[in-house]
Amino acid sequence: MSETHPATIATFLLYIVGVFILAAISHKILAKKSFMGEYFLGSRGLGSWALAFTFAATSASGGSFTGFPALIYTHGWILALWIASYMVVPICTMGVMGKRLNNVARKTGAITIPDVLRDRFESTALGLFATSTIIFFTVCNLVAQFKAGAIAVETILNLPPSWKTVGDWISLPSAFDSISNQTVAYLVGLVIFAAVVVIYTAYGGFRAVVWTDVMQGVIMGLGVVILLPIILNRAGGLEEVNRKIQNHPPLIVTSVPQTNNDLAFLRKSRSRGEGIPDGVEYVIPEPGSKPSVALVQHGQKTYIQVRLGTNRDGEPVTTAEEIKKLVTRDPLVGPLLAGVEANEEGVQYAYNNDGTGVVVLPAGKKSQRWDFIVGDEFLFGPGRKADGTPFHPLGMAISFFFMWAISGMGQPGTMVRLIAFKESRTLKRAILTVTIYFGLIYLSLVMIFVAARTLLPYLAIPEDADKSMALVATRVVGDMGIGYAMLAAIFIAAPFAAIMSTVDSFLLMISSSFVRDIYQRTINPDVSERAVKYGSYATTTLVGVIVTLLATQRIDFLQYIIVFTGGGFAATFLCPVFLGIYWKGMTRQGALASMVGGFSIVVGMFAPTMLGGSRIDLFGLHPIFWGLFGSLMLGIVVSKLTGPPPEHLVVRYFYQLKADADGS
Amino acid sequence: MSDLGNNTGDRYQEDPRFLNARREAWMILGLWLVAFVWTVSYCYLFGYLSHPPSANATGGDIARVVGELESFNREPTSLRMYFGIPDWVFWGIAVPWVLCIAASFAFCLLIYREDELGDGADEDEI
């Protein structure tokens, strides 16, 4: 596969040096301020630029930025609708609660979101439930993020897979089998990633984290804006791109579980119907079978069935080249296709650089089907997944508009930034900055990666999200000279930077949970400044080390928890905080019911995935919708039943003395 | 105010910062609603080749409530483009996006109140 350009490594190293410099400056400032407020909240001194970019980075890396390009590449223009609510995300996520939340937090000097809830309702239970939720989701996420970070570093530095596994180098006791089985390249990647992120986060605190976000946000924004005209120019203009996509023969890209075995099937006819195949089905037959091909009917659909040859253990042994010959020479199937292209070494669409291909059949399955995707489907909704079901049906279109804009408000990682800004004017300028920033980058990204389809037409379905972005960068602009190589490097490093900016704020959040919410506020309020200081450094580092160790393990259930982190956070935090700051009638019991209820609904609706089933999309709507709805209803009803709330709280948060216009 | 006992009620008034923030919050949620209705309904009606219900929906799907909408099934050859952007993306997403940027500016510059937020902020800015 592709070599890593020296410029890529140089850019990556420059980036890391930059991060360390920012951490060092932050650390110097830290020495002059009140420790805890500075370390976890930057002394409530966030200015407009810092607030804007730390906000953009934190909300953008909530799953959208790295996976987004691959989705555009795979499904086309419908992703413009998928991301459309970003037109109101800045004003919603910052404007609805920002000013009020900041004001409320200052009334008691709260520095974390659990702090705010605990003070607002004078309830330790509420604070501790909030803290536990944060710790639970954050630890699970950190482990996965560290894994992704390790792979990103491995890719950037192009560490050779031939380094084999740890077990080949040193022999460890059998208790450490899981470590022995990891490749050395992965462990090196993991150690580099962990060291960088833990050191600068622990050493520099909130200020370092924010500055890193600003640096990353500015670089990425510039990268996208520069890349857009280059790519469109290369592709012959956007209109030409759409025509090419529309007129391209219907296509599927599949792969067989052998090395370098991607296959692109191109159907002859653009229309559908009688006798025209709808897709391709792979079957792994009983052990010792010979490969064969046939047309089969499943319901109303016709599939080209490829039965793979198997060895005596039942493992498929047919290569892509053999399938290609078999299919194109078959008198029945061959004429239906405009071609089958097999990925050989060096062929353009071979995208997996570890050579494994997309694994064709999920473990335990004997057959798998893919449907042809007609060019038109890239230009209109609802898009189609590889299994033929609609990608973005109405229920999901509604849910995603909710998800980004409304549940985006409820993320503790973004809310904590709202209590950190300095004055009202800061928030106003930050809203405008992020509005313009998102307006520039998101639609540009859609255009860039739609155009990428014509420049790199046969990438295997990129489940592995980050690679299509890196590939577009290297294949399309990487060979155009040193300046372009630097530009490419930005996009290759993008997943790394995005992961880093998620991880650093998670690390701080979990550290603040332990030091502030659990230790200082619950166990020992009189803890000394010095103890807090070393406790915070130690906690941040320790969490980093534990997560690194966990990331050397295979922990399968993590993926099930990660997919509902954003939804779980929103359902837990949004309604209690929103109602708490805007509704006088909210009671402690109402807040607790809203919080526990929202959390339980989301977890409950996702629970079937842990047993191998699918998420419960009641009426086609995403669980996050129901979690928020339930949380809102519970908050209101339970508060009505248990009200009215204590008068001193209502006075403290909603009133001021008549004589004194500036409040108490 | 009726929320407070007579004694305290005489000495206190509602915090104007709270009232401002609440008013602004309602207006933003209104903007969200307008953007939501415009974008999702326009794109669904004019940008979808067909209007299939979700494959994974539990207990019926919202798309069934709306109906099959066969007369709205899009004919691919009817595609028009503005600046290379498909028509439904242009009217359903790009145009409202620009209007939302304008609305955000109008809100921040004309409606948003720069209230005092209280003590505790640092002198230096990050």
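P644(A) sits in the loop between helix 24 and helix 25 (647–654) of chain A. In this predicted model, the peptide bond that leads from G643(A) into P644(A) is cis, and its omega is near -5 degrees. Another cis bond runs from G381(A) to P382(A), again with omega near -5 degrees. The loop that holds P382(A) connects strand 7 (367–371) and helix 15 (394–405) of chain A. Most peptide bonds are trans, and most residues other than glycine have a negative phi.

The second part of that rule also has exceptions here. E122(A), which is not a glycine, has a positive phi of about 45 degrees. E122(A) belongs to the loop between helix 8 and helix 9 (124–157) of chain A. With a relative accessible area of 36%, E122(A) is partly exposed, because the value falls between the 20% limit for buried and the 50% limit for exposed. In chain B, F83(B) is likewise a residue other than glycine with a positive phi, in this case near 55 degrees. F83(B) is placed in the loop between strand 3 (81–82) and strand 4 (85–86) of chain B. The relative accessible area of F83(B) is 74%, so this residue counts as exposed.

Helix 24 of chain A, which precedes the loop of P644(A), spans residues 623–642 and contains S631(A). The relative accessible area of S631(A) is 0%, so S631(A) is buried. Leaving aside residues up to four places away in sequence, S631(A) touches A571(A), C575(A), P576(A), S594(A) and G598(A). With one of these, A571(A), there is also a polar link: the side chain of S631(A) comes to 3.4 Å from the backbone oxygen of A571(A).

Elsewhere in chain A, strand 5 (residues 301–307) pairs with two other strands. To strand 3 (residues 279–283) of chain A, strand 5 is joined by five bridges, and the two run parallel. One pairing in this set is that of V283(A), whose bridge partner in strand 5 is R307(A). To strand 4 (residues 292–298) of chain A, strand 5 is joined by seven bridges, and here the strands run antiparallel. In that pairing, A294(A) stands opposite Q305(A) of strand 5. Strands 4 and 5 form a hairpin with two residues between the strands, where G299(A) takes a positive phi near 65 degrees. Why does strand 5 of chain A count as largely enclosed by the rest of the structure? Five of its seven residues are buried, and therefore the strand is largely enclosed.

The packing of the model also leaves some internal space. Counting those of 30 Å³ or more, there are five cavities. The largest cavity holds about 140 Å³ of space. Its lining consists of 17 residues, and F40(A), V416(A), L508(A), M509(A) and S512(A) are the ones nearest its centre. Four helices of chain A each supply at least two lining residues: helix 8 (113–121), helix 12 (184–235), helix 16 (412–418) and helix 19 (482–523). Helix 19 contributes the most, with six residues. Helix 8 thus helps line the largest cavity and also borders the loop in which E122(A) is found.

Chain B contains four helices and four strands. Read from the N terminus, the order of its elements is α-β-α-β-α-β-β-α. The chain has 126 residues, and 42% of them are buried. Among contacts in chain B with a separation of 6 or more, 60% are between residues 24 or more positions apart.

The cysteines come last. A disulfide is a covalent bond between the sulfur atoms of two cysteines. How many disulfides does a search of the whole structure find? The search gives zero over all chains. For C100(B), which is in no disulfide, the nearest cysteine sulfur belongs to C92(A) and lies 8.6 Å away. That distance is beyond the 2.5 Å within which two cysteine sulfur atoms are taken as a disulfide. C100(B) has a relative accessible area of 5%, so it is buried. C108(B) is buried as well, because its relative accessibility is 0%.

Methods:
Residues numbered from 1 in each chain as written. Chains lettered and ligands numbered in written order. Predicted model: local features only at pLDDT ≥ 70, side-chain atom pairs only at ≥ 80, totals over all residues. Heavy atoms only, no water. Buried < 20%, exposed > 50% of the residue type's maximum accessible area, 1.4 Å probe, protein only. Pairing = 2+ DSSP bridges. Polar contact = N/O pair within 3.5 Å; in protein donor to acceptor, adjacent residues only side chain to side chain. Contact = heavy atoms within 4.5 Å. 1 Å grid on protein atoms, 1.4 Å probe; cavity = no way out; pocket = protein on both sides within 12 Å on 5 of 7 lines; lining within 4 Å. Points joined across faces, edges and corners; volume = space filled by probe spheres on them.
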